[in-house]
Amino acid sequence: HGCRILRWGRQKVALICFVPDGKPHVDLLVIDGASFSDFTPPKSPHFGRSGELATAIWSAGGKTYLVAAKMDMEQLRRLL
């Protein structure tokens, strides 16, 4: 659906927005894994909620991935 590069502090973050198969809008943030000195993201998706948003975070290949979408947790699990 769209993408852009954002600034988060001193880091560049890739934001990719998509609408998979008619489901609600999903935001994927891709961050250089070295950006986190005091946090080690899990290797497989860790799911949670933040208000109305279902979220998932994980790391792979030196990057950290964060997904957020207004959908229930099971929909997000199936999507990933």
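Threonine 55 is buried, with a relative accessible area of 18%. Buried here means under 20% relative accessible area, exposed means over 50%, and partly exposed lies in between, for a 1.4 Å probe and protein chains only. The model is predicted, so local features need pLDDT of at least 70 and side-chain atom pairs count only at pLDDT 80 or more, while totals for chains, interfaces and linings use all residues. Residues are numbered from 1 along each chain as its sequence is written, and side-chain values use heavy atoms, with hydrogens and water left out.

Threonine 55 sits in strand β5, which spans residues 53-60. Strands (E, at least two residues) and helices (H or I, at least four) are DSSP runs, numbered from the N terminus. Beyond its neighbours within four places in sequence, threonine 55 is in contact with His46, Phe47, Gly48, Arg49, Ser50, Val67, Ala68, Met73 and Leu76. Contact means heavy atoms within 4.5 Å.

One of these partners, histidine 46, belongs to strand β4. Histidine 46 is exposed, at a relative accessible area of 52%. Residues up to four places away in sequence aside, histidine 46 touches Thr55, Ala56 and Ile57. Arginine 77 is 31 residues from histidine 46 along the chain, and their C-alpha atoms are separated by 9.8 Å.

The chain as a whole has one helix and six strands. From the N terminus on, the order of elements is β-β-β-β-β-β-α. The radius of gyration is 13 Å, which agrees with the value near 12 Å for a compact globule of 80 residues. This radius is taken over C-alpha atoms, and the globule rule is 2.2 Å times the number of residues to the power 0.38. Along the principal axes, the C-alpha atoms fill a box of roughly 35 × 25 × 25 Å. Of the 80 residues, 30% count as buried. Among contacts between residues at least 6 apart in sequence, 32% join residues at least 24 apart.

The largest nonpolar core has 12 residues: Val26, Leu28, Val30, Phe47, Ala54, Ala56, Trp58, Val67, Ala69, Met71, Met73 and Leu76. β3 (26-32), β5, β6 and α1 (73-79) each supply at least two residues of this core. A nonpolar core is a set of buried Ala, Val, Leu, Ile, Met, Phe, Trp, Tyr and Cys residues joined through side-chain atoms within 4.5 Å. In soluble globular proteins, nonpolar side chains tend to be buried together.

Valine 30, one of the core residues, is in contact with Val13, Ala14, Lys63, Thr64 and Tyr65, leaving aside neighbours within four places in sequence. Lysine 63 lies in strand β6 (residues 63-69). Lysine 63 is partly exposed, with a relative accessible area of 34%. With the same sequence neighbours left aside, lysine 63 is in contact with Val30, Ile31, Asp32, Gly33 and Trp58. Proline 20 is 43 residues from lysine 63 in sequence and 22 Å from it in space, C-alpha to C-alpha.

Two loop residues were also examined. Phenylalanine 39 is placed in the loop between β3 and β4 (46-50). Phenylalanine 39 counts as partly exposed, at 37% relative accessibility. Between phenylalanine 39 and alanine 14 there are 19 Å, C-alpha to C-alpha, at 25 residues apart in sequence. Lysine 23 is found in the loop between β2 (11-18) and β3. Lysine 23 is partly exposed, at 32% relative accessibility. The C-alpha atoms of lysine 23 and methionine 71 are separated by 8.3 Å, with their positions 48 residues apart along the chain.

The chain exposes about 5400 Å², and carbon and sulfur atoms supply 54% of this area. Accessible areas come from the Shrake-Rupley method with a 1.4 Å probe; for residues, only the protein chains shown count as cover. Side chains number 11 positive and 7 negative, and the centres of the two sets lie 7 Å apart. Lys and Arg count as positive and Asp and Glu as negative, whereas His and the chain ends are not counted. The place of a charge is NZ of Lys, CZ of Arg, CG of Asp or CD of Glu.
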